[in-house]
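Work through the exercises below with the sequence and the structure side by side, and try each task before reading its solution.

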Amino acid sequence: MSSPKILAGTFKGVALSTLEGNETRPSTGRVTENLFNILIHNVFYDETFSFSGKNILDLCAGSGRLGLEALSRGAKYATFIDNNPHAVTVIKKNIAKLSAEDKTDIHTLDSTKLHSKASFCPKYGPFDLIFCDAPYHTDIAEKSIQAIYQQGWLSPKPVVVIEMSRAQKDIDLAFLEPKIIKNYGATRLVFY
C-alpha cells in the first residue's frame with residue numbers, strides 16, 4: 001500500500017508515514033478526499049466553510065492525516081489525541097516532516113476521558129473543527145465528543161466530522177445535529 005499524501009494546500013503531495021500492522025485503520029484516500037470536498041463545498045452556520053484561522057482537534061488521530069490536511073489548507077492550529085503511543089510517534093514524525101511543530105500539539109490520552117485528571121487544556125481555545133475516526137463498532141466517538149462538549153471545548157459554531165462503519169447506528173448528539181451523511185462502501189461520514 002502506498003503512503004497517503006496531503007491532498008491540497010501548503011503541504012500538497014507530501015507523503016505521510018502510517019502505523020504498520022493492524023493497530024489503526026487509516027481512512028482511505030477516497031474517503032479523505034470526499035471528506036474535505038464536502039467541507040469546502042458546503043455551507044455550515046450560514047457561511048461557506050473555510051479552514052482559515054480554525055482550531056482543529058483530531059481525535060483517534062492515527063497518523064494525524066486529517067489534522068495535517070486541515071493545517072495544509074490554512075487552519076491555525078491542530079491538536080492530536082491518540083491513546084496508542086506508537087501512533088503518537090508516527091504523528092510526531094509526520095509533523096516533523098512538515099516542519100509544523102509550532103502549529104501542533106500532541107497528547108497520548110484516552111479521548112473518552114478528557115474530563116478526567118489526565119485531561120488537557122486546548123492551547124488556543126475551543127475547537128472549531130473536530131475529526132473523530134474512532135475504531136468502528138465502539139462508543140468511543142460518542143463518548144469523546146460528549147467529553148469535549150462537557151468541558152466547554154467546542155466553539156460556538158463547531159463542525160464535527162465522525163467516520164464510522166456504515167453498519168453502525170448513527171450517533172445522536174443532543175447538542176449538535178447531523179447536517180450531512182455520506183456513505184462510501186463500508187464507511188459512513190457524518191457531519192454535525
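Rings of Phe, Tyr and Trp (its six-membered ring) count as a pair if their centres lie within 6.5 Å. The model used here is predicted, and a search of the whole of it finds 6 aromatic pairs.

**Exercise 1.** Determine whether the rings of F49 and F51 are stacked, tilted or edge-to-face.

Solution. The ring centres of F49 and F51 are 5.0 Å apart, and their planes stand at 85°. Planes over 60 degrees apart count as edge-to-face, so the pair of F49 and F51 is edge-to-face. Both residues are buried, and ring pairs link them with F36, F44 and F131 into a cluster. Two lysines also lie over ring faces in this cluster: K54 over F49, at 5.2 Å from the ring centre, and K179 over F44, at 5.9 Å from the ring centre.

**Exercise 2.** Classify the pair formed by Y149 and F175, and find where each residue lies in the chain.

Solution. The centres of Y149 and F175 are 3.8 Å apart with 5° between the planes, and the pair is stacked. Y149 belongs to helix α4 (residues 140-150), whereas F175 lies in the loop between β7 (154-165) and β8 (180-184), so that the pair links distant parts of the chain, 26 residues apart. Y149 is partly exposed, with a relative accessible area of 41%.

**Exercise 3.** Describe the backbone and the surroundings of D46.

Solution. Most residues other than glycine have a negative phi. D46, although not a glycine, has a positive phi of about 65°. D46 is placed in the loop between β1 (43-44) and β2 (47-48), and is exposed, with a relative accessible area of 79%.

Terms used: Residues numbered from 1 in each chain as written. Predicted model: local features only at pLDDT ≥ 70, side-chain atom pairs only at ≥ 80, totals over all residues. Heavy atoms only, no water. Helix = DSSP H or I, 4+ residues; strand = E, 2+ residues; numbered from the N terminus. Buried < 20%, exposed > 50% of the residue type's maximum accessible area, 1.4 Å probe, protein only. Phe/Tyr/Trp six-rings, centres within 6.5 Å; stacked < 30°, edge-to-face > 60°. Lys NZ or Arg CZ within 6 Å of the ring centre and 35° of its normal.
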